[in-house]
Amino acid sequence: MKKLLTLLGFVFTVTIFSACSINGQFQDGPSTTSVSGVLSEQTSLDKESGTHFLTDESGKKTAARSLTINLSGDQYLNNKVKAIGLMNTTDDVFEITGLSVEEILSKNTKQNKQIEYKDTDAGFRLSYFDDWKAETSADKTVTFTAPLATAATKAAVIKITQFPFAYEPTPRPDGTLIPPLESYYGVENKGKILEQSQILKIGTDKMDAFKAVENDKTTYTLYRSGYIYKLMFTPATPSSPDDENTFAKMLADFQFVAMDATVSATDEGAATDAVVDAPAALPKLDMDMTTFESLPYQFSGQYPAKWYYTGVKSATDAEILHHYGFSDDASGTKELISLDVLSDGIPSGGAKISFSGKSFDVFEKSDKYVVYATLKTRNFRLMGPSAYKDLILFMAASLQSVEKDKPL
């Protein structure tokens, strides 16, 4: 009988909607409201439409149902909840579109706990609920799968991928360089320009990201020193606000961490993550070197005499105070080696090597060679393809402190 009443109500609703459309009359949809109460299931003896009841403190019962939320889930049933939705006036049933627990009353309520997922190989961490399943594939894609709801045919999925991106600094007409994230956006979107209004702040460190929605999938894209990260959310079928809230929490907690790396201990590239013995001497280079100086940051260094370099103050990456790019291309659009003046510390996990009393932390991963150096209290990072590792080591060893009042 209840199913028949529900069907009649549905037909009546569709008839009204169709009549409005034929007459060309459009009205604002009904506004949502909230109802608080203890959520319970209806029985076969109940005459009201719907599937559940919301009972408030005075004992008043409101019939309810939801097409997107499993109201009989352990986390909701027999607990005090706050339901968001609208009243269906055809059968006096409150249609729930959002639900949160205000007070736990049932002993059967499963307390989902947040646990940390940390991937030092991919270089990130976040928290997720322990009833989600986390898997890492061979291509380093991390997949979080939600529990399948009772009425759902497909569970929600969150995927995090990471891949290299060779950022090539390109100047704007005003001479400033296009930041890496904007550069990648242009590559991915066939030259389109990423507007500042499209850049969002996500994660515990409020990192720059841009958002894209396509075919119900929502993706956030970030850049980090030679890598692109994508966080993609695919909703369940039917979709659930709970899953969307979980994704929002995971986004808010997302954070980059130091990457593990392997270092070539021999010319053959035998990988090790242990401390290695220092080479007997600096690599010998078959090119002439010249000196450049940075008085604002009080250091000097050497680079190939036939190369060119550009410097720009970082406006988008809080980790980098100043970025220098070195290239054999006079246009400055083909950066081969970069040198960054850093605002924070040096990541752990690198191999320690020394030249002439100077110590360096070295990482090698995905055909990139990275060397960290310290002058007094200032940290530096030199990075480029592994094919240039001898030159990168030489340039790192050439860094020297410069007195502030030293003339150019």
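This report describes the fold, the salt bridges and the aromatic contacts of a predicted model of one protein chain.

## Overall architecture

The secondary structure of the protein chain consists of 27 strands and 4 helices. Of its 408 residues, 41% are buried, and the accessible surface amounts to about 23000 Å², with carbon and sulfur atoms contributing 52% of that area. When contacts with a separation of 6 or more are considered, 50% of them join residues that lie 24 or more positions apart.

## Salt bridges

Across the whole structure, a search returns 10 salt bridges. One of them joins Arg381 to Asp340, with 3.1 Å between the closest N and O atoms. This pair connects distant parts of the chain, since Arg381 belongs to strand β26 (residues 378–385) and Asp340 to strand β22 (residues 337–342), the two residues being 41 residues apart. Both Arg381 and Asp340 are buried.

Two other salt bridges pair a lysine with a buried aspartate, and their partners can be described by accessibility. Lys201 and Asp208 approach to 2.5 Å between their closest N and O atoms; Lys201 has a relative accessibility of 53% and therefore counts as exposed, whereas Asp208, at 18%, is buried because its value falls under the 20% limit. The side chains of Lys352 and Asp361 meet at 2.7 Å, N to O. Here Lys352 is classed as partly exposed at 41% relative accessibility, while Asp361 is buried, with a relative accessible area of 9%. Salt bridges also link Arg65, Asp91 and Glu95 in a network.

## Aromatic pairs

The count of aromatic pairs comes to 24. Among them is the pair of Tyr185 and Phe210, whose ring centres are 4.9 Å apart and whose planes stand at 85 degrees, so that the arrangement is edge-to-face. The two rings come from distant parts of the chain, with Tyr185 in helix α2 (residues 180–188) and Phe210 in strand β12 (residues 207–214), 25 residues apart. Tyr185 counts as buried at 11% relative accessibility, and Phe210 is buried with a relative accessible area of 3%.

Tyr303 and Phe326 form a tilted aromatic pair, with 5.6 Å from centre to centre and 45 degrees between the planes. The angle is neither under 30 degrees, as stacked rings would require, nor over 60, as edge-to-face rings would require, and the pair is therefore assigned to the tilted class. This pair likewise links distant parts of the chain: Tyr303 lies in strand β19 (residues 299–304) and Phe326 in strand β21 (residues 320–327), at a separation of 23 residues. Tyr303, at 10% relative accessibility, counts as buried, and Phe326 is buried with a relative accessible area of 0%.

## Aromatic cluster and a charge over a ring

One aromatic cluster is formed by Tyr117, Phe124, Tyr128, Phe144, Tyr229, Phe254 and Phe256. Elsewhere, an aromatic ring is paired with a charged group: the charged end of Lys61 sits over the ring of Phe53, at 4.9 Å from the ring centre.

Technical notes:
Residues numbered from 1 in each chain as written. Predicted model: local features only at pLDDT ≥ 70, side-chain atom pairs only at ≥ 80, totals over all residues. Heavy atoms only, no water. Buried < 20%, exposed > 50% of the residue type's maximum accessible area, 1.4 Å probe, protein only. Contact = heavy atoms within 4.5 Å. Areas by Shrake-Rupley, 256 points an atom, 1.4 Å probe, with all protein chains shown as cover. Salt bridge = Lys/Arg side-chain N within 4 Å of Asp/Glu carboxyl O. Phe/Tyr/Trp six-rings, centres within 6.5 Å; stacked < 30°, edge-to-face > 60°. Lys NZ or Arg CZ within 6 Å of the ring centre and 35° of its normal.
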